[in-house]
Structure formats: structure tokens, C-alpha cells
Amino acid sequence: MMELLRTAGLSRSFGSLQAVLDVDFAVGAGELRSIIGPNGAGKSTFFRLIAGELPPSSGRIRFKGRDITGLPQHAVSRLGIVKSYQITSVFPHLTVFENIRVAAQSRATAYNFWQKASALGAVRDRAERTLVAVGLAAKASHRAAHLSHGEKRNLEIGIALATEPELLLLDEPTAGMSPEETEATMRLISEIAGGRTVIVVEHNMKLVMKISQRITVLHQGQILAEGTPADIRANHRVQQVYLGGA
Amino acid sequence: MGRVGALIARHPIPAFFVVFAVFPFVVPYKALATQVLIYGLFALGFNLLYGYTGLLSFGHAAFFGLGAYGTGVTLARLGVTSVWAGLAAGLVLAAAGGALIGYLCLRRRGIYFAMLSLAFAQLLYFVGFHLSWITGGDDGLRGIPVLPVGLAGVRVSIETPLAFYYFVLVVVGAAVAVLKRILDSPFGAVLQAIRENTDRAAACGYDVTRVKLLSFVFSGAFAGLAGGLNALYLQVVPIDTLYWTTSGQVVMMALLGGAGTFFGPFVGAGVFLILEDVLSVFTESWPLVVGAIFMAFVRFLPRGIWGTVVGLEIMGGLDGPPKPPERSHTPRGTRGVARP
């Protein structure tokens, strides 16, 4: 498997708190990886570092062999790493379709002042495909603010997906969802993962075990274990962290 | 009003020309109509930054003033005889000012941004005040000639108030059409995405700071064109053009009419100027009354006059209850938010 992303000694501290500490992590192209860990393990911070939302305190990030450490988020996004948000972050007063279209449009130029945004055929097609993929076609003309929680979570994924990222980072995509919605969203993620690299941070163990090829366990900012779902299930230290407290 | 509103929504530019073609015959006198057009354009330029990009500038007098002095100096001091060249000079100067002031202000967000914009505008005011050999200082820049305008190879006189009004209508109408085009473009969509959620727009791959800066340049250019027209209209550029009260007025106009709607700022400018005109007959403290009305709007109709009309009539409102879909929806042909 070709390696897509690698971090070396990646660390980030907030004051005296070491949120992420010396993480060496690699993911191969086409992989569906899950990152799990107790609350405060540094999962979200790790994602934010990779996506360029936060600069690391130390360490390097390489994407497709290129050092992307310290690049601003929009540049990282343009290279193909896009993240969805744990706390829903959409464009509330735009319609669902516009939410997705403006994301799809980002791979074309932002500095097109003269054409109509609605006239860009390729962008519209991609937006429509994404809309169908995340199951929101029927809600296309609704304002994002008016969607239900579950629908907003899917829109959240849709906005990330519409940019056609090579590496998609999903931060707790099923947060706050009902069991049925969770099930549907996980199916969606499995579908998305066909043909692209996805890293998911997720709390629902049953689903993580079901969909992931490999799992990385973070604990107190460090990698505690890494392996196949079966490895992780059998791992004594992981059991301790999850069952016996830290 | 419902059908009229929908018609305006669908054909905003023709509607604009129709309304303003008869406008001077509706208001008490022609000059007031001209002022509404000029300040309407100014407010429209301001609204590009505030209503669409989500950046509250308290220093838009800077761009209005740069446009006015740019046009005024070109015509009155440099001996240029083309009105178009004069307006172009004002527009370019204001756009350049937008680039510089925007670059400096965008290093901060929120209230600090607003305060910086105010500070730079006041800075410019004092520069204008002291550079009296160019700007006329406290006396204002005088001696801006009324020149005939070259239109399609013919030199047309714009000396009568009505001729001047229609000249302004042509310029403002063209600017409005260009602005509409920009807002409907992919760039316009990015502006609105930034207003809605700056961080997410960056996450989608947009260089947010650069887009904001461009929005500043455009906003400055439109405000500058309005300033240039005002210089032609008054034949003088008073130093007050750069004063912070001018910045305050344009904020009030935009909010009164409805920020974030396309024509709201125009409606706001109209209402503001007509109120001023009517009230100043009765009392010198007319700003007190306008201020009270403004506060009532902010409190009770935060979407402004046009925003409320449009919200009720056309799209169920920005924050109103969700509208049921009109028909089984296919995304194809879904158009942008039709806020006219």
C-alpha cells in the first residue's frame, strides 16, 4: 500500500497541557482508519494539526511525500486533506445545495467574478452527486439552519466530501445521532471510503470494529496501540484504558 | 406587493432602471433624487463588505472621500476635461485605498477590525485637512467644473438637474449591474460563505484573507465611484466627506434598508435622505429623530425595511419558519438565494 500521510514526532501543547505528544503515525492510500481513545486523548487536536487548522508545536507532517507542516488550512485543503467537524459547522443561512456547491466550487478558482455561480456545470454536477450521496437531495432548497440534527451531520460530511479530498478526516461524524442515524451514516462512510482514504474519530466501538481496516488508539496524546480491529480488541493495554480507567 | 416583489427579484436590474426613471418626479425635487442614487451606490458598496462578506467597516468615509477627491482633483486641478477620466481616477484611488486599508485592517477581527477602519478613515480626514494645497483643506476642494459628458461619441450637457440625474442614473445603474454580477458569481458565493462561517470557508480551501481583501477593494471602488459622482454633483468636495459622520451615515442607511439584501441599502439611503429633507424643515436636531427611528429598526426590524419586505414576500425569511418545498425537488436548476 502506498503511504499517503505520515507524521513524525508530532506534538502540540496548550500551555502546560500536552494535547498531542510525539505521535508517529502513517496511513496508506485507500485505507479506512479509525482513531479511538478516551475523552481528552488528543484525537481532535491531532486532526486539527493534520488539517492545518492548528500549527504543531513540533514534529513534521508529510502528505504524498511532501512536507506540509505549517501550511495554512486553505492550502492543506487544496492539497487534498479536508476535515469534517465534531461540532456541526455549516453555512446556516445558505440552502443545502449552496452549502455543498460552494464547497464543490472550491476546487475551481475563487476569483471568478463574472460567470454565474449557478452556471458552472462541472461544479453543479459534483454538488448534485454529493447531495445524493449524503441523502439530502430532497432538502436541497432548505436552509441549512432548518435541518434536523442528523441531517446537519450529513451535510457536514457532504461539505467535506464535495471538495473531493484525497484524505478525508471525519471527526465524530455520528456525534449525537440516534442509533438508526448512526447506522445509516456509517454505511455512508463505508461507501465514501471506496476509492479514497478516510480517517474517522469515533466513539461507537461496535461500528468502529465493523468498518475499520486498522485502528489507532490514542491515550493522553500518545499512541497506545495500533492494529486490526481484532488486534485492538485483544490488546490488554487498550482494555485497561477503556475498562479499568487510565 | 407580492407579485411586484417577485418581479423585482427576478429582474432586479430592469426593475432598478424603471423605478429610478420615474423617481425624480415622485420626490419633492430632482436634487434629492440624485442624492438618493449617489448615497444608494455608496451604501451598496458598503453592503458588499458588511452584508455579504460580514465585515463591519466604520470607516467607509475614507473610500467615499478618496473617490470624491480623486475625481475632484483630476477635474479641478489637473485640467482633465473628461468626466469619465475624472470618475475613473476617483474609483481607482478609492480601490487602491481599499487595498491598503483593507490589508491593514484585516489583521484583526470583530470590534478591533471596526475600530481600525474608523481610525484609518480619521487619519485620512486629518491628512485631507492639512494637505490644503491639494484638497482645499477646511474650505473644501472648489472649482470642479460642470463639463459635458461624452456618451457614445456625442457630447451631452449635464447642466440641468434632470440631465444630471439621468447621467448619474446611467453610471449608478451600470455599477449596480456589475455589482449584481459579482454577487452572483462564484466569488460572490465565496463571500457569502465567509460571512456565514469563515472557518469552514477556509476549510473548504478558500484563502479567506485574500478574498476579504478583494471584497474590500471592490467595496472601496463602488464607494469611490459614489464619492466621485457626489463631487460632480456638489461641484465641491467638503472636508466633511472624509469625516466619521459620513461613515456612520452609510452604516445607518444599510441597516435601515436591510444589510445583506441587494437593494436594501438603496431603500435605506432613500428613506434616510428623505427623512433628513423633511425633518430638517421643522428642526435642526433632525438627526435625533432619525437616530430614534434607526434604533427602533435595530430593535424591532433587524432585517431593515427591504429585508423585511423581501423576507415576508419572497423567501420565508432568513430566520423564519422553514418553507415546505414547492415541488418534488431536483437539485438541477436550484438557484442562488434570490435576495433581490
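Helix α9 of chain B is mostly covered, with 11 of its 11 residues buried (a residue is buried if 20 or more other C-beta atoms, placed from the backbone, lie within 10 Å of its own). Helices and strands here are DSSP runs numbered from the N terminus, H or I over at least four residues for a helix and E over at least two for a strand. This is a predicted model, in which local features need pLDDT of at least 70 and side-chain atom pairs count only at pLDDT 80 or more, while totals for chains, interfaces and linings use all residues. Residues are numbered from 1 along each chain as its sequence is written, and chains are lettered from A and ligands numbered from 1 in the order in which they are written.

The buried residues of α9(B) include B:P186, B:F187, B:V190, B:L191 and B:I194, and also B:Q192, B:R195 and B:E196. Their cover comes from both chains: it includes α3 (96-104) of chain A, along with α3 (30-52), α8, α10 and α11 of chain B.

That leads to the interface. In all, 33 residues of chain B are in contact with 41 residues of chain A, contact being a C-beta to C-beta distance within 7 Å, with those atoms placed from the backbone. On the chain B side, the elements giving two or more residues are α8 (161-184), α9 (186-196), α10 (198-203) and α11. The largest share, eight residues, belongs to α9(B). By type, this side of the interface splits into 17 nonpolar, eight polar and eight charged residues (Ala, Val, Leu, Ile, Met, Phe, Trp, Tyr, Cys and Pro count as nonpolar, Asp, Glu, Lys and Arg as charged, and the others, Gly among them, as polar).

Helix α11 (residues 208-234) of chain B also meets α4 (residues 61-76) of chain B, where the axes come within 6 Å and cross at roughly 50 degrees. Axes are lines fitted to C-alpha atoms, for helices over the stretch in contact, and angles run from 0 to 180 degrees between N-to-C directions. α4(B) is therefore oblique to α11(B), the class left once angles under 35 degrees (roughly parallel), over 145 (roughly antiparallel) and 65 to 115 (roughly perpendicular) are set aside. Among the residues that meet are B:G65, B:G67, B:G70 and B:G72 from α4(B) and B:G220, B:G224, B:G227 and B:G228 from α11(B). The contact holds nine nonpolar, 10 polar and no charged residues.

Elsewhere in chain B, B:Y50 sits in helix α3 and is buried, with 23 other C-beta atoms within 10 Å. Beyond its neighbours within four places in sequence, B:Y50 touches B:L55, B:L56, B:S57, B:A254 and B:A259.

Chain A contributes an open sheet of four strands in the order β2-β1-β4-β5, with antiparallel pairing; strands pair if DSSP finds at least two bridges between them. Its edges are β2 (17-28) and β5 (66-67). Strand β1 (residues 3-14) and β2(A) share eight bridges, and A:L10 has A:V23 as its bridge partner. Helix α1 (residues 43-51) of chain A packs on this sheet, touching β1, β2 and β4 (58-63), and its direction makes about 60 degrees with that of β2(A). The β1(A)-β2(A) hairpin has two residues between its strands, and A:G15 in the turn has a positive phi of about 60 degrees.

Strand β6 (residues 81-84) of chain A is covered on both faces, with A:I81 and A:K83 buried on one side and A:V82 and A:S84 on the other. β6(A) runs parallel to β7 (residues 167-171) of chain A, joined by four bridges, and A:S84 stands opposite A:L170.

Technical notes. Contact = placed C-beta atoms within 7 Å. Buried ≥ 20, exposed ≤ 12 C-beta atoms within 10 Å, placed from the backbone.
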